[in-house]
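Student: I would like to go through the contacts in this model and ask what justifies each term. Please set each value against its cut-off.

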Protein chains: 4
Amino acid sequence: MTRSGEGRILSRLAESQASAEDKRRQILDAAVRVFARKGFHASRVGDIAEEAGVAHGLLYHYFESKDQLLEAVFHENWSVLLERIGSVEETDEPAADQLRHIAAILLRTWLHLPDVVRVVVREFGRSPELAERIGELARPIELIERVIARGVARGEFEQDIDPRVAATVVYGGIDELLTGWVLDRLPADEEAVVAAERTFFAVSLRGLLAKSG
Amino acid sequence: MTRSGEGRILSRLAESQASAEDKRRQILDAAVRVFARKGFHASRVGDIAEEAGVAHGLLYHYFESKDQLLEAVFHENWSVLLERIGSVEETDEPAADQLRHIAAILLRTWLHLPDVVRVVVREFGRSPELAERIGELARPIELIERVIARGVARGEFEQDIDPRVAATVVYGGIDELLTGWVLDRLPADEEAVVAAERTFFAVSLRGLLAKSG
Amino acid sequence: MTRSGEGRILSRLAESQASAEDKRRQILDAAVRVFARKGFHASRVGDIAEEAGVAHGLLYHYFESKDQLLEAVFHENWSVLLERIGSVEETDEPAADQLRHIAAILLRTWLHLPDVVRVVVREFGRSPELAERIGELARPIELIERVIARGVARGEFEQDIDPRVAATVVYGGIDELLTGWVLDRLPADEEAVVAAERTFFAVSLRGLLAKSG
Amino acid sequence: MTRSGEGRILSRLAESQASAEDKRRQILDAAVRVFARKGFHASRVGDIAEEAGVAHGLLYHYFESKDQLLEAVFHENWSVLLERIGSVEETDEPAADQLRHIAAILLRTWLHLPDVVRVVVREFGRSPELAERIGELARPIELIERVIARGVARGEFEQDIDPRVAATVVYGGIDELLTGWVLDRLPADEEAVVAAERTFFAVSLRGLLAKSG
DNA sequence: TATGAATGAGTGTTCATTCAT
DNA sequence: GATGAATGAACACTCATTCAT
């Protein structure tokens, strides 16, 4: 996956020879940047078309609507990430380590795909309609829930923990860190991200561990 | 503070004697309900007026614009809550207990003012522009940061914790629980709320405590 | 006739004892000032009420509508002037002197009732609907026409002059001078007004005189 | 330049082949007709769109706002006329003849572009804000002033004449004639226009000439 | 009389979407 | 495919006018 910012220049250079698939990607990347900059509601299709360097009518050859374009942004960016997270589940590490890995993947995404994170955090985080269209599996929270449930079952975690609630709290911590970076409320450089990761583990994961563990 | 839904029926009954201040409140309460139901962007001023049982023009006697109405929803509902949270800071309890109280107040607000929580979580949580207009002190996160910083200084919490990052993680857990209730992803009755509170403490606050503590 | 500006202060002082007739005048004077300042279309009834120091609802006790208020401004200010002009017709001066007097009255009105002139020039000058409601006799142009016709009949003026067209030209000169003062395109102090009067006579009236005269 | 009324039927016939520039002109011509008929304030954008035979949204492709459309009416119609008038200044005729030519051009415009004259006379003549946006050079009065000043300097005109005031008077006569035609207060057919021209010269220009001239 | 809260028709403008070329 | 002109539903906001007190 290319960093969205880079794709733009390349697309421009190769514009004339761009294959259909490239044109589609070009629009999708432009959408991510524009949504990230102005938010979905404030972004006009004309803005996206201009950013992509195409006529705004063309957008409707590749996407059914502005809404569907936002869905595509999710499916073709965030879902890649979700798959990566999902693979963690198949390891036989302790649940705590699995959570650590999941958190690390999510948090470091900020460094690789900041615009995608921006859009996902701002638009998906709070919209029930969108989340429903995308599907429940879309959010990492269910995955985290399964990992925690397994940790409890295996006796690695406290027994009296409700996995769904605990997963919500854990994911909330991650989400809020991403939000802090997105909204420029926290230092967002690589070093700060790594440090935040450690603090997150200390605060949010240690409490899960069984005292005897 | 009455649950916003109740005020409506009373207002209707007492409509004829309603003072100007009541009419303002009537519109404000209607706005909270409509924003909660449909989101700010999807809510039309006509919807709010209809919900309040007044002509839409009247809305502009009491509020400058639809935007300003949303700000008023915040100032005249959420800020009451923030003050209540703020008073916790003045006690001389251990920092961990202060955090517990803050979390309890925020989480239980859901039971008293669900619509207000809905609006605040959906509209303020992620809008940088709005947050700026309202002011930085608007969010509880800064308060939590101060409490944690004090806990670290007093040796009650781990020394290597960055208060700002930790506060973000802690607040994120609370925020995500509220979101879960708002979006009906978690059981939201009173019992479930109390249980979630306990889980939140177990997961998110225990990790802060110094091991020697 | 009092200068409109003066009435205002007196009205304010005597507000409590003001008779009904005074209140009406108070609103009328306020309307003249506001219309003069912002133009009829841009003036809101609330502006006029505020300027008059009364609630805007009261306006509808004395006047049927905003339109009718404008008509009243005309009838109760401008028509006084028209009567004064009309009396010139009854003298047995030469037609040229009658025109001189008419022009002088119109032009010097600017010094006495600038706001009234402002409103009349801006609103009546160009609105066919309004002029119709007010009545054809409203404009001084018909009077001027009669004077010129008499001058032609008596051999004082050139024989080949069409009185209606000539009156239009003469009145246009006066109107444009007033407009120049209203819009601040010409010096508008007393001295300048007197000088303009002389220039007006020189340019616009001398041509009328029969060469043999 | 074609009479605006004619363009409409042609546009309708040729609608399918109309280039983008034609469509713009189609809307502009419709605006002139509607403004002329109802006045700017009473004209709704929907009226203009309907008159032009397009959806009202299209208006905003070609013009920024209703206000800007009025400005365009001026720039793309009246300014053509102003240029024509301006060229008179460059001839070496006596000043009196230059004035004659200027007046003739202005007055005969009524025969060619009656709707444009209607709009200009009604909307521009009296609105200081609009006149300012359009620019001071917009009004022919400055041009007339320069011609008179030159006439005075050359000894062709009376020495004691103030060119600015005299120009105001002269232009006022022209403007009022146009107004008379616009508001149907004077006969407006070609013959009447030519006759009015002669009367105008007789009344308004003869007085300027030096007695010794 | 006097007030100003309440009404609601009216209007300019935006913008996602369509479609002829 | 690609364009961007064209469409029209939607919507916030204004303000003259009414009316309960």
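Tutor: A base nitrogen of DNA strand F is 3.1 Å from an N or O atom in the side chain of D:His61. The model is predicted, so local features need pLDDT of at least 70 and side-chain atom pairs count only at pLDDT 80 or more, while totals for chains, interfaces and linings use all residues. Residues are numbered from 1 along each chain as its sequence is written, chains are lettered from A and ligands numbered from 1 in the order in which they are written, and side-chain values use heavy atoms, with hydrogens and water left out.

Student: What makes the pair of D:His61 and the base nitrogen of DNA strand F a polar contact?

Tutor: A polar contact is a pair of N or O atoms within 3.5 Å; within protein, one must be able to donate a hydrogen and the other to accept it, and residues adjacent in sequence count only if both atoms are side-chain atoms. The D:His61 pair is at 3.1 Å, so it qualifies.

Student: Which part of DNA strand F do B:Arg44 and D:Tyr62 approach?

Tutor: Each has a side-chain N or O atom by a phosphate oxygen, at 3.3 Å for B:Arg44 and 2.5 Å for D:Tyr62.

Student: Why is D:Tyr62 called near DNA strand F?

Tutor: A residue is near a strand or molecule if one of its heavy atoms lies within 4 Å of it. D:Tyr62 is among the closest of the 30 residues that surround DNA strand F.

Student: Which parts of DNA strand E do C:Lys23 and C:His56 approach?

Tutor: A polar side-chain atom of C:Lys23 is 3.0 Å from a phosphate oxygen, and one of C:His56 is 3.2 Å from a base nitrogen.

Student: Why is the pair of A:Arg206 and B:Glu158 called a salt bridge?

Tutor: The term requires a side-chain nitrogen of Lys or Arg within 4 Å of a carboxyl oxygen of Asp or Glu. The closest N and O atoms of A:Arg206 and B:Glu158 are 2.9 Å apart, so the pair meets the definition. The count between chain A and chain B is two salt bridges.

Student: How many residues of chain A and chain B are in contact, and what area is buried?

Tutor: With contact meaning heavy atoms within 4.5 Å, 40 residues of chain A touch 39 residues of chain B. Buried area is the accessible area (1.4 Å probe) that two parts lose on being put together, summed over both. For chain A and chain B that is about 3400 Å², 60% of it on carbon and sulfur atoms.
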